[in-house]
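Q: Hi! Could you walk me through this model, starting with how you sort residues by exposure?

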Amino acid sequence: SCGPASLPGAATQVTEANADVDGDGSADLLRSYLLGDSEWHLQVALGAGGGADTAIATYNESVVDVLGGGDVDGDGADEVWARTGSGASATILGLARLHDCELAQVVFAGGDPAELPVGGTVGTTSGLDCGGHIDPDADLTTYTASNVDDDEYEVTATEYRLDDSTLVELGTQTTTATVGD
């Protein structure tokens, strides 16, 4: 059983959501909160008792908001999705994963936090999709599309496998798409 997961008395800017992060079929409480001026945390309070907490890196010293859960890798347990930053025209999403009573921020293979932009402007867009379109072993696909001619876009898709708390790149493919295809 995991240790207790209680909200610190000094926590501010608390957001909450529900997901099944331990895969037991019961809802678990997800929280994001701020300690002091800049120390953001994600926390999981398990429905069966106990939980875990971790400090989380942010993009551009932004506000962190827990969004909910989604089972990225198909193991029956939800990963924690949170808004970890924002840019001029995109929201930056981050992931965390509960494993053996430890909540860890998901990172890329090089160790940098997995910061996944979603959004766009008139000429560009970015997003993500759970699953793979090229490699059947992929758990997550990110994409960017940039306008290259009147109604043509260059679309780059990168697929990843979630290995513990690391997104491992499986491959990238770039194609051209025409509006209306």
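A: Sure. A residue is buried under 20% relative accessible area, exposed over 50%, and partly exposed in between, with a 1.4 Å probe and protein chains only. The areas themselves come from the Shrake-Rupley method with a 1.4 Å probe, and for residues only the protein chains shown count as cover.

Q: Then where does Cys101 fall, buried, exposed or partly exposed?
A: Cys101 is partly exposed, at a relative accessible area of 34%.

Q: Any ground rules before we go on?
A: This is a predicted model, where local features need pLDDT of at least 70 and side-chain atom pairs count only at pLDDT 80 or more, while totals for chains, interfaces and linings use all residues. Residues are numbered from 1 along each chain as its sequence is written, and side-chain values use heavy atoms, with hydrogens and water left out.

Q: Thanks. What is the phi of Cys101?
A: Cys101 is not a glycine, yet its phi is positive, about 65°. Most residues other than glycine have a negative phi. You'll find Cys101 in the loop between strand E7 (90–99) and strand E8 (102–105).

Q: How many helices and strands are there in the protein?
A: Zero helices and 14 strands. Both are DSSP runs numbered from the N terminus: helices are H or I with at least four residues, strands are E with at least two.

Q: And how compact is the protein?
A: Its radius of gyration is 17 Å, close to the 16 Å that the globule rule gives for 181 residues, so the protein is as compact as a globular protein of that length. The radius is taken over C-alpha atoms, and the rule is 2.2 Å times the number of residues to the power 0.38. Of the 181 residues, 39% count as buried.

Q: Let's switch to sheets. What order do the strands take in the open one?
A: Its four strands run E1-E2-E3-E4, with antiparallel pairing. Two strands pair if DSSP finds at least two bridges between them. At the edges sit strand E1 (12–19) and strand E4 (51–55), each pairing on one side only.

Q: What joins E3 to E4?
A: Five bridges, with strand E3 (residues 39–45) antiparallel to E4. Gln43 stands opposite Asp53 of E4.

Q: Does E3 turn up elsewhere? Which strand gives the most to the largest nonpolar core?
A: The largest nonpolar core has 19 residues, and Val21, Leu30, Leu42, Val44, Val80 and Leu103 have the most contacts inside it. E3 gives the most to this core, with three residues. Such a core is a set of buried Ala, Val, Leu, Ile, Met, Phe, Trp, Tyr and Cys residues joined through side-chain atoms within 4.5 Å.

Q: What is Val44 in contact with?
A: Leaving aside neighbours within four places in sequence, its contacts include Ala5, Val21, Leu30, Val80 and Leu103. Contact here means heavy atoms within 4.5 Å.

Q: What lies apart from that core?
A: Another core, of eleven residues, with Trp81, Leu95, Ala114 and Leu167 among them.

Q: Last topic, the hairpins. How many residues lie between E12 and E13?
A: Two residues lie between E12 and E13 in their hairpin. Nine bridges join strand E12 (residues 140–149) to E13 in an antiparallel pair, and Asn147 has Tyr153 as its bridge partner in E13.

Q: And how many bridges between E13 and E14?
A: Twelve, again antiparallel. Tyr160 stands opposite Glu169 in E14. This hairpin has two residues between the strands, and Asp164 takes a positive phi near 55° there.
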